[in-house]
Amino acid sequence: MSILVVGALACVFMTGIGALLSLALPAGGATVTGMMILKGLVCACGGAVAGYFTISFVVRGQQRADAVAEAMAAKTAEISA
C-alpha cells in the first residue's frame, strides 16, 4: 500500500471522526477546554502515526536501494574477474 493511500485513508477517517465528535461532545456536556485538550491529544497521536509511516517507508526504500547496490557491485566484480 502506498503512503499516499495511507494518508488519504487517514484524512477521510480523521475528518469523519472529528465531525462526529464535534457534534457529540458538546451535546454530552464537554467543555471547550476539554475538547481542546482532546484535540491536542488526537493531533499528537495522528502526528506520531504519520511519522512512523513516513520513517518506515523511507527505511524500506533505503534497504531496497542498498540491496540493489550490493547486487550491482557483485555483478561488476564478477564481470571484472
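**A walk along two helices**

Lys75 is partly exposed, with a relative accessible area of 47%, where buried means under 20% relative accessible area, exposed over 50% and partly exposed in between, for a 1.4 Å probe and protein chains only. The model is a predicted one, in which local features need pLDDT of at least 70 and side-chain atom pairs count only at pLDDT 80 or more, while totals for chains, interfaces and linings use all residues. Residues are numbered from 1 along each chain as its sequence is written, and side-chain values use heavy atoms, with hydrogens and water left out.

The side chain of Lys75 meets that of Glu78 in a salt bridge, at 3.7 Å from N to O, the term being used for a side-chain nitrogen of Lys or Arg within 4 Å of a carboxyl oxygen of Asp or Glu. Lys75 and Glu78 are separated by about one helical turn, because they stand 3 residues apart in helix α2; helices here are DSSP runs of H or I with at least four residues, strands are runs of E with at least two, and both are numbered from the N terminus. Glu78, at 56% relative accessibility, counts as exposed, whereas its partner Lys75 is partly exposed. By the rule just given, the count comes to 1 salt bridge.

Between these two partners in the numbering comes Ala77, whose place is also in helix α2, and which is partly exposed, with a relative accessible area of 47%. The C-alpha atom of Ala77 is separated by 54 Å from that of Leu41, a residue 36 positions apart from Ala77 along the chain.

Attention can now turn to the aromatic residues. A search of the whole structure finds 1 aromatic pair, a pair being rings of Phe, Tyr and Trp (its six-membered ring) with centres within 6.5 Å, counted as stacked when the planes are under 30 degrees apart, edge-to-face when over 60 and tilted for the rest. The rings of Tyr52 and Phe53 have their centres 5.9 Å apart and their planes at 55°, so this pair is tilted. Tyr52 counts as exposed at 58% relative accessibility, while Phe53, at 30%, counts as partly exposed. Another ring, that of Phe57, has the charged end of Arg60 sitting over it, 4.9 Å from the ring centre; for this, NZ of Lys or CZ of Arg must be within 6 Å of the ring centre and within 35 degrees of the ring normal.

Which residues make the nonpolar surface patch? Phe13, Met14, Ile17, Leu21, Leu38 and Val42 form this patch of about 470 Å², under a rule that takes residues with over 30% relative accessible area and no salt bridge, joining like charges within 9 Å and nonpolar side chains (Val, Leu, Ile, Met, Phe, Trp, Tyr) within 5 Å. The areas come from the Shrake-Rupley method with a 1.4 Å probe, and for residues only the protein chains shown count as cover. The elements that give two or more residues to the nonpolar patch are α1 (3-27) and α2 (32-80), and the largest share, 4 residues, comes from α1. Met14 has its place in helix α1 and counts as partly exposed at 37% relative accessibility.

Helix α1 also holds Gly18, which is partly exposed, with a relative accessible area of 34%. The C-alpha atoms of Gly18 and Ala69, which are 51 residues apart along the chain, are separated by 45 Å. Cys11 too is placed in helix α1 and is partly exposed, at a relative accessible area of 48%; its C-alpha atom is separated by 34 Å from that of Val68, 57 residues apart along the chain.

Cysteines bring up one last search, which covers the whole structure and finds 0 disulfides, a disulfide being a pair of cysteine sulfur atoms within 2.5 Å. The sulfur of Cys43 is 9.4 Å from the closest cysteine sulfur, in Cys45, which is too far for a bond. Cys45 is in no disulfide, and its nearest cysteine sulfur is that of Cys43. Cys43 itself is partly exposed, with a relative accessible area of 46%.
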